[in-house]
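I set aside this session to go through a few local features one by one, and I keep my notes here in the order in which I looked them up.

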Amino acid sequence: VSGTSYLLEVNSNRLTTADGRPLTAYDGSYISFDSNVIDGAAEASGIDIKDSYARVTGNTIGPIGGWNGIWVRGMGDVVIDNNTLQDINKEPLIVGE
């Protein structure tokens, strides 16, 4: 429904990609990402959040072969807590461009 936001909960999964991002939240997304294991991303960041509302908690992130563990940019409200970031090619956490 246009103009309506819904909470997407992603909990207790294993997300592995070869090249792309395991999680992308863009343009007003409203997401709870809790207790997941993500890795791969040979050409990207593990989690990419732009202009969105997100809670990222209790996850294991890495190894990430491309860029950052978590990349947050634009406007929004993002809470990141209790995560383990390991074997990240660039910065584990970056905010901004």
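**Backbone and burial notes**

I began with S35, which I located in the loop between β4 (30-34) and β5 (37-40); I keep in mind throughout that this is a predicted model. Its phi is positive, about 60 degrees, although S35 is not a glycine. I then asked whether S35 is buried or exposed. At a relative accessibility of 36%, S35 counts as partly exposed, because that value falls between the cut-offs of 20% and 50%.

Next I turned to A41, in the loop between β5 and β6 (47-50), where I again noted a positive phi, about 55 degrees, in a residue that is not a glycine. The relative accessible area of A41 is 0%, so I entered A41 as buried.

I also checked the peptide bond joining G62 and P63, which is cis, with omega at about 5 degrees; P63 itself lies in strand β8.

My last entry concerns N68, which I found in the loop between β8 (60-64) and β9 (70-73). Its relative accessibility is 7%, and therefore N68 counts as buried. Which residues is N68 in contact with, once I leave aside its neighbours within four places in sequence? I listed A44, S45 and G46, then I88, K90, E91, P92 and I94. For E91 I could add a polar detail, since the side chain of N68 reaches the backbone nitrogen of E91 at 3.4 Å.

How values were computed:
Residues are numbered from 1 along each chain as its sequence is written. This is a predicted model: local features need pLDDT of at least 70, side-chain atom pairs count only at pLDDT 80 or more; totals for chains, interfaces and linings use all residues. Side-chain values use heavy atoms; hydrogens and water are left out. Helices (H or I, at least four residues) and strands (E, at least two) are DSSP runs, numbered from the N terminus. Buried means under 20% relative accessible area, exposed over 50%, partly exposed in between (1.4 Å probe, protein chains only). A polar contact is a pair of N or O atoms within 3.5 Å; within protein, one must be able to donate a hydrogen and the other to accept it, and residues adjacent in sequence count only if both atoms are side-chain atoms. Contact means heavy atoms within 4.5 Å.
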